[in-house]
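The following report describes selected strands, a helix and two loop residues of one protein chain. Please keep the sequence and the coordinates at hand while reading.

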Amino acid sequence: MRPFRRMLSLALAGSLALACGACTSGAQGAGDPGAAKYQPIADDVSGRTRVPAVKLLTKTSAEDPRRYEQARLIVEAWQQAGVPAELLAVRGAEVTRRAFTSKDFDAYLVVYDPTPDRLDPDNILARFTSTSAGTAGSNVSGYRNSEYDALYKAQQLATNEADRVDAVKKAQALLYEQQPVRPFAHVIVGGAYRSDRWDGIRGALGYPVFNIWNSINAAPKTDKRTLVVGTIYEPPTLNPVTLETTEAQLPLSHIYDSLVRIGPDGELRNWAATSIEVSGDRVTATLRPGMRFSDGEPVSAADVAFTVNYLIDKKSPLFGPKLAGVREVRAKGETVEFTLADSSSSFVPTVLAQMPILPEHIWKDVDDPAKFTNDAPVGSGPFTFAGRKLGAEMRFAPNKEHFSAPKVDGLVMTVLGSFDAEVGGLAQGDIDMLGDIQSVAQLGSLQGKAGITVIPVESFGWAGLHYNMRQAPFDDRHFRRALSYLVPVQDIIDVVLDGQGKPAGSAIAPTLTKWYDPSLKPFPYDLQAAMNELRQAGYVFDRAGALYYPKADADKRLRDNDVAG
């Protein structure tokens with residue numbers, strides 16, 4: 001049942017005028033004539049508490065119009081079913097603070113881009129472990145479940161692929177059933193660049209166009225030798241230790257080397273290491289000889305060992321949890337030996353392919369990395385830092401001594417105000433490449449344009465909803481599932497995404513065929529199923545259409561007793 005199609009064109013037009021703010025619910029149940037037919041109605045609601053408005057956090061229309069429209073349609077669907085709901089649209093920095101730092105939200109519309117590190121299922125599954133469910137952790141939903149934790153650990157420690165696949169499939173099935181997160185669409189994404197100016201650009205899994213491989217291999221076809229990349233994403237920090245997201249890591253990955261990298265084909269490639277050997281709980285990396293940091297100091301195995309201990313000791317938000325399984329790290333000549341608490345099949349792709357190599361001679365004197373701005377970052381990567389103007393640009397120079405030296409004379413990330421500004425800048429020739437992953441639908445005006453090549457990539461990321469299980473009513477599995485049944489997925493795909501997407505079910509994408517469980521079908525829009533979920537938990541509507549919590553005894557009995565605290 002999809003009652004929203006008739007309103008979409010008006011909604012799309014109206015939302016563009018709204019940069020931020022909230023859309024407050026009106027009369028509950030009035031929007032969909034069929035809503036009252038399925039609602040659990042009670043004549044007497046005495047002793048019950050009214051459910052407050054659910055605020056759906058998203059970015060503003062000015063900053064990300066398509067994400068805003070997805071959120072708007074979801075809120076309208078919830079309202080029409082009788083669930084009180086509001087749209088809370090704020091700037092990107094505030095979204096990040098509320099969702100990832102303070103956990104100050106009810107529901108949050110997230111877009112997990114298909115970054116290379118997400119080719120391994122550990123990246124998504126790690127976001128739902130109990131150990132990371134605190135306010136400072138990466139578990140945005142605050143999901144805590146001992147059975148899930150055991151499955152997550154099992155897939156980490158599996159010594160053969162079949163056992164790991166089994167654990168991954170069971171873990172994603174548990175997420176699907178309990179719905180701490182509701183993936184709803186796999187967006188077909190793409191990138192674009194000025195092919196009349198640059199050669200050597202190839203499509204890649206993950207970041208389709210702007211990535212380390214194209215930054216290195218871009219070859220000028222004209223006398224313009226500085227590659228200008230447009231982005232709406234202001235790099236939040238130059239300090240790799242305090243990074244919180246993999247998206248924020250992309251600019252710094254040009255400056256800092258890792259032992260291995262994920263290639264454009266999704267396969268691991270040796271990088272700062274010439275070889276990686278795995279034997280049980282031992283991982284041995286042999287460092288590439290002759291490497292130097294940008295200040296001239298040599299890169300040693302001792303720098304790698306120092307980096308591991310430092311990131312653990314200083315509780316690096318992004319890398320500390322990844323390194324939690326390292327029991328000991330030792331440098332021996334040109335080799336680094338990692339001893340893990342247990343064998344791990346995911347350590348190399350999820351840790352060594354991400355971890356930057358820090359120069360010990362600089363970081364050993366940084367007692368509090370949170371207070372260290374790292375204004376002049378020193379790394380060993382293929383680019384060196386050349387300057388930054390906040391809100392405007394970040395500049396890089398090629399490291400001509402690097403073992404994979406770039407062909408360009410410079411790289412500039414220029415900060416623009418919106419996706420539309422990026423597309424317009426590329427069309428006008430102000431920039432050479434789109435720096436952000438965008439849906440193919442957003443690139444329509446560039447298709448067939450002379451001098452521009454658009455590269456589409458099948459996405460293994462997804463758009464979805466995080467429910468904040470730290471608070472009622474989102475600590476109730478039935479309430480979460482009810483909201484999940486009320487997402488108008490097909491309308492979002494048909495209109496907002498111009499048909500360039502597929503419905504999502506599991507947190508692991510179907511394109512990751514080895515890990516995906518095809519039995520986890522996408523939730524349909526199903527008003528009756530949603531109301532049945534509320535009925536099972538004891539929620540009721542009064543005759544005016546207001547929604548109420550279960551009675552106190554039912555509330556205690558039907559909360560998520562399958563979720564361990």
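In which sense do strand 1 and strand 3 pair, and over how many bridges? In this predicted model, the two strands pair in the parallel sense, over 2 bridges. One position in this pairing is that of L57, which stands opposite Y108 in strand 3.

Strand 1, which spans residues 54–59, also has strand 2 (residues 85–90) as a partner; 6 bridges join these strands, and they run parallel. Within that pairing, L56 has L87 of strand 2 as its bridge partner. The chain passes from strand 1 through helix 3 (residues 65–80) to strand 2, and the resulting β-α-β crossover is right-handed. Because 5 of the 6 residues of strand 1 are buried, this strand is largely enclosed by the rest of the structure.

A further sheet is open and consists of 4 strands in the order 11-12-14-13, with antiparallel pairing. Its edge strands are strand 11 (273–279) and strand 13, each of which pairs on one side only. On average, neighbouring strands of this sheet are turned by 15° against each other, with direction ignored. Strand 11 is joined to strand 12 (residues 282–287) by 6 bridges, the two running antiparallel, and I276 stands opposite A285 in strand 12. Helix 10 lies across strand 12, strand 13 and strand 14 (335–340), and the helix runs at about 160° to strand 13.

Two loop residues can be set side by side.

| Residue | Relative accessible area | Loop |
|---|---|---|
| D120 | 11% | between strand 3 (107–112) and helix 5 (122–125) |
| L323 | 1% | between helix 10 (301–313) and strand 13 (326–332) |

Why does D120 count as buried? The relative accessible area of D120 is 11%, and D120 is therefore buried, since the cut-off is under 20%. Not counting residues up to four places away in sequence, D120 touches R164, S346, P349 and T350.

L323 is likewise buried, with a relative accessible area of 1%. When neighbours within four places in sequence are left aside, L323 is in contact with V308, L311, I312, V351 and M355. The loop that holds L323 follows helix 10 (301–313) and leads to strand 13 (326–332), the strand to which helix 10 runs at about 160°. L323 and L119 are 204 residues apart in sequence, and their C-alpha atoms are 19 Å apart in space.

Methods:
Residues are numbered from 1 along each chain as its sequence is written. This is a predicted model: local features need pLDDT of at least 70, side-chain atom pairs count only at pLDDT 80 or more; totals for chains, interfaces and linings use all residues. Side-chain values use heavy atoms; hydrogens and water are left out. Buried means under 20% relative accessible area, exposed over 50%, partly exposed in between (1.4 Å probe, protein chains only). Contact means heavy atoms within 4.5 Å. Two strands pair if DSSP finds at least two bridges between them. Axes are lines fitted to C-alpha atoms, for helices over the stretch in contact, and angles run from 0 to 180 degrees between N-to-C directions. A crossover is right-handed if, with the strands pointing away from the viewer, the path from the first strand over the helix to the second runs clockwise.
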